[in-house]
Structures are given as C-alpha cells and as structure tokens.
Amino acid sequence: MTILGAPASAPVATDRTQAAIALVEKYAAHNYSPLPVVAASAEGAWITDIDGRRYLDCLAAYSAVNFGHRNPEITAVAHAQLDTATLVSRAFQSDNLGPFCAALAQLCGKDMVLPMNSGAEAVESGLKVARKWGAEVKGVPEGRANIIVADNNFHGRTISIVSFSSDPVARHGFGPFTPGFRSVPFGDPEPLVAAIDDNTVAVLLEPIQGEAGVIVPPDDYLPAVRALCSEHNVLMIADEIQSGLARTGYTFAGDRWGVVPDVYLLGKALGGGVVPLSAVVADREILGVLHPGEHGSTFGGNPLAAAIGTTVVSMLARGEFQARSAELGAHLHRRLQGLIGDGVLAVRGLGLWAGVDIEPTSSTGPQTGREMSLRLAGRGVLVKETHGCTLRFAPPLVITAEEIDWAVCQFAAALREA
C-alpha cells in the first residue's frame, strides 16, 4: 500500500551510499551524471534506495517502465520463461518469436517485424532498411540516398545517429560522421518541402521530441509530413521509442493526429521494464528488402524478450493503459499548469508526459534543472532535467491521482525553496 505524507529525507551521503557511488565512479565509464540516489528495489511507481528511503519515480526510466516497476503480469511471464529457454539466437527458430511478431504487427497494423534490442539499434536498423528500400524499390543510385531528420532530435548515440544530431555534447570529438542526412526545423513542413529531392528515401521524426523538452508540434505538422512523404514516394519513419506504447494517452503518439507512418521504431516500454527489446515494424514491401546475412542480432527476438513483448502487446491491446495515461495525464498537466507564474514558465506535453520550464533565476541566484532535480529528490520525487532549465515528468502509467497531487505539491514546495 502506498503511503503518502512527509517527504523522504534529503539524499544523505551515508557510508553505504558513498561506497556504492564511489564504486561506480571508480569502475564505470562516466557517460552519465546520475542523481545521488542508489536504488535497491522498486515496485509500481516507487523506488527504494539502499538506506530504505522511498521515492516516487516520475521518470520511469525514460518511459521504459511505462507499466510500473515489477509489473506482476509481466514478471510472472518472465519468471516462467526463465525455466524454459532464454536465448537460442536466430540460428534456430523459437516458439515465442512468431507469436510476438504476429501480435506486434497486428497492433501496428503492419505486415512484418524486425526484432532488435535497444532503441538505438531499432533506429540504426530503420536507417539501413530505408536505404536498402531506396536502392531496391525506389531506384535511388547506390550511395546517393539521403534521409531527412529534424533539428534538436534525439534518436540515440551511435556514430550514425550523432552524425545528424544538433547537440554539440553528443557530437564533440566523435567525428568523422556518417554522411547522407539533412536536418530541417521541427514543426514546420515548409523547409521539408525544400529538402526533399529524387534521392530522398525517408523522413525520420519523433512525433513529439522528448529529449528536446517534450516538444509537441502544431496540429497540422505531422499530417503535412505524411502527405509530403506519400507525394514524393518517401518513407515516413516514426521514432515512437519514447512517445509510443501508451505514454501519450494513445497507443502511438501519431494516433493523436491520425497519422500512420510507413515504419514504426519501437523500444523502451516494449520490454516491459525487464529486458531490452526494440523493433522495426513495417509492411512487407519495406522490410521484405532484407535478406539472410544482410542484417542481424544475436539477442534480437530472443525467447525471453519475445515472451515479455507478447505480454506487453496484449496489455496494450486492452486499452487500459492508454486510458489511464489520458485521464491522469490531463490531471498532471492541470496541476503543473497551476504553477505557471510561481517559478514555472511553461508546461508542454501529452498524456503522462510533461516538459516543464522553470525560471532560470530565483531569489538565491541562477538555478538549473539539475539543481531542481536534486531538490526534488530530497523531497522524495525523482525527475531528470534536460537542456538547462527544463524538467521531464514521465511517471509509470500505474501512478495514481493521489500520487500525482503529492508529487506536484513537493514540486511547488521545491520551487518556493529556490
């Protein structure tokens, strides 16, 4: 039973916590800057640290834990599958792969599924498929294909992906970069019109830009992109890795505008918060361009992941999580918008997903999203900043209205401390 009341004490550098953090700092590459909270267990929307303090998780592992920590329906399937088979590679067939691919294809309204592991793998796979489709179906000369992306995108951090990133931190020192990409402003179809040419094979977009600050485009934008792609015989690729699978109150964020892409890129919540699982989903004329030996993954579509993925798809097919996200998301946005003018500049988002811009200065001087995240952690609420003074709120979809109210109250108190 969830007990709300006094906030958790501030993250304290106990000997145990210090030791745990020091071990990571010494032996793990410093590619993250985590908050000083050392998780030991988690359930539903709550995380407990190694000293027994409890925190309301309002990040949900960047939407990978949409269905809550240790969701009982998902973990039951995982436990059962551990007693049968976990990995055989795609060198052999496995009994879970077919049902998973069939269920996910049906959920997406497409013909075929290419199972992978991480979200970045799904994006890389989608890029390869688009180029191969361009060469074999559209007739683009070998090596001449171009793919259009959006400014301020976030699709991962592989070499090819950072090659078309506009984030200097993601790019600095990692060149030379992969050619063949053009970037245009997000939310405006006119620059896209000018960027498309005969060698354009795809337009890759996040329907809502997450890492950029939960940026929701104008209502006419995605329909215009869809029309342009159809007109010019260009694949529309929707990166729904973070925005998809009920996060926005819809199965896919594009559903909000009635837009169906040619290719879905899925990940994060597809693995139920238990295993890495991602997928490229498209019709046969697109994914059918891949032949044996041209692409692969040792772990992609493994029996454990496929069993969990099938369960996730069945949960989504019921519609309950989409409904929860829509209803509770409206409540979250109402509560957060009530703080505009009291330390909050703007609130954006859809469903249980919000980007919140805070005042960059306070009575005590400049403040950042990082500082506010630390302040909230001290009050028992876990969020993470993005781009300076923007916070992301993306709790598991099992959160309750009471828990949302409590989290927003802690946020309001943290703003008053500034």
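**Exercise 1.** Place threonine 200 in the fold and state whether threonine 200 is buried or exposed.

*Solution.* Threonine 200 lies in strand E7, residues 200–205. Strands (E, at least two residues) and helices (H or I, at least four) are DSSP runs, numbered from the N terminus. This is a predicted model: local features need pLDDT of at least 70, side-chain atom pairs count only at pLDDT 80 or more, and totals for chains, interfaces and linings use all residues. Residues are numbered from 1 along each chain as its sequence is written, and side-chain values use heavy atoms, with hydrogens and water left out. The relative accessible area of threonine 200 is 0%, so this residue is buried (buried: under 20%; exposed: over 50%; partly exposed: in between; 1.4 Å probe, protein chains only).

**Exercise 2.** Find the salt bridge of arginine 182 and say which parts it ties together.

*Solution.* Take a side-chain nitrogen of Lys or Arg within 4 Å of a carboxyl oxygen of Asp or Glu as a salt bridge. Arginine 182 meets aspartate 197 at 2.7 Å, N to O. Arginine 182 sits in strand E6 (181–184) and aspartate 197 in the loop between helix H8 (189–195) and E7, so the pair ties together parts 15 residues apart in sequence. Arginine 182 is partly exposed at 32%. Aspartate 197 is partly exposed at 28%.

**Exercise 3.** Locate the partners in the salt bridge between aspartate 405 and arginine 335.

*Solution.* The closest N and O atoms are 2.7 Å apart. Aspartate 405 belongs to helix H14 (residues 401–417) and arginine 335 to helix H12 (residues 320–337), 70 residues apart. Aspartate 405 is partly exposed at 25%; arginine 335 is partly exposed at 28%.
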